[in-house]
Amino acid sequence: MVELDYQIPSAFDPFAEAKDSDAPGTKEYVHIRVQQRNGKKCLTTVQGLKKEFSYEKILKDVKKEFCCNGNVVQDKELGKIIQLQGDQRKNVSQFLVHAGLVKKDQIKIHGF
């Protein structure tokens, strides 16, 4: 019987090095969205902040700064989400950058 020297292919992840590096597309983004409620009313959501941050403290400061109401919602798939009254997309993005929580290139603003 002839013994053949075969290599059994193992699971190869071509993106393994990219996850470790700071390459484009590997960053965690903070998504700021606006949702239309009814009539002229709308809702701003902030998703993707780091889990180490205290969402309640961020919400308290944002509410005080922009004179709006809001709350923190726990979602099964997306984690914690901050919801704010009104269209606060630009205000929230500027607040997060000035507070040093995220960098400007890590923010994605969605909406109409």
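Visitor: Before anything else, what is a nonpolar core?
Guide: A nonpolar core is a set of buried Ala, Val, Leu, Ile, Met, Phe, Trp, Tyr and Cys residues joined through side-chain atoms within 4.5 Å. The model here is a predicted one. Its largest nonpolar core has 17 residues, and Val46, Leu49, Ile82 and Leu96 touch the most other members.

Visitor: Which elements give two or more residues to this core?
Guide: Strand E1 (30-36), helix H2 (55-66), strand E4 (79-85) and helix H3 (89-99) do. H2 contributes the most, with five residues.

Visitor: What is Ile82 in contact with, leaving aside its neighbours within four places in sequence?
Guide: Ile82 is in contact with Thr44, Thr45, Val46, Leu49, Tyr55, Ile58, Leu59, Asn71 and Val72.

Visitor: Step back a bit. How many helices and strands does the protein have?
Guide: There are three helices and five strands. Read from the N terminus, the elements run α-β-β-α-β-β-α-β.

Visitor: And what order do the strands take in the sheet?
Guide: The five strands form an open sheet in the order E3-E4-E2-E1-E5, and the pairing is mixed. Strand E3 (70-75) and E5 are at the edges; each has a single partner strand, so one side of each has no neighbour in the sheet. From one strand to the next, the twist averages 25°.

Visitor: In which sense do E3 and E4 pair, parallel or antiparallel?
Guide: E3 and E4 pair in the antiparallel sense, over six bridges. To take one residue, Val73 has Ile81 in E4 as its bridge partner.

Visitor: Where do the helices come in?
Guide: H2 packs on the sheet and touches E3 and E4, with its direction at about 10° to that of E4. H3 lies across E1, strand E2 (42-47), E4 and E5, and runs at about 160° to E1.

Visitor: New topic. How many disulfides does the structure hold?
Guide: Zero.

Visitor: Why does Cys67 have no bond to the closest cysteine sulfur?
Guide: The closest cysteine sulfur, in Cys68, is 7.9 Å from the sulfur of Cys67, which is too far for a bond. The cut-off for a disulfide is within 2.5 Å.

Visitor: Is Cys67 buried or exposed?
Guide: Cys67 is exposed, at a relative accessible area of 73%. Cys42, by contrast, is buried, with a relative accessible area of 12%.

Visitor: What about Gln88, buried or exposed?
Guide: Gln88 counts as buried because its relative accessibility is 10%, and the cut-off for buried is under 20%. Gln88 is in the loop between E4 and H3. Not counting residues up to four places away in sequence, Gln88 touches Thr44, Phe66 and Cys68.

Visitor: And where does Lys103 lie?
Guide: Lys103 is in the loop between H3 and strand E5 (107-109). Lys103 counts as exposed, at 58% relative accessibility. Although Lys103 and Tyr29 are 74 residues apart along the chain, 9.6 Å separates their C-alpha atoms.

Visitor: What share of the contacts with a separation of 6 or more comes from residues 24 or more positions apart?
Guide: Such residues account for 50% of those contacts in the protein.

Visitor: Last one. How many of the residues count as buried, as a percentage?
Guide: Of the 112 residues, 26% count as buried. The protein exposes about 9,000 Å², and carbon and sulfur atoms supply 51% of that area.

Notes. Residues numbered from 1 in each chain as written. Predicted model: local features only at pLDDT ≥ 70, side-chain atom pairs only at ≥ 80, totals over all residues. Heavy atoms only, no water. Buried < 20%, exposed > 50% of the residue type's maximum accessible area, 1.4 Å probe, protein only. Helix = DSSP H or I, 4+ residues; strand = E, 2+ residues; numbered from the N terminus. Contact = heavy atoms within 4.5 Å. Pairing = 2+ DSSP bridges. Axes fitted to C-alpha atoms, helices over the stretch in contact; angles between N-to-C directions. Areas by Shrake-Rupley, 256 points an atom, 1.4 Å probe, with all protein chains shown as cover.
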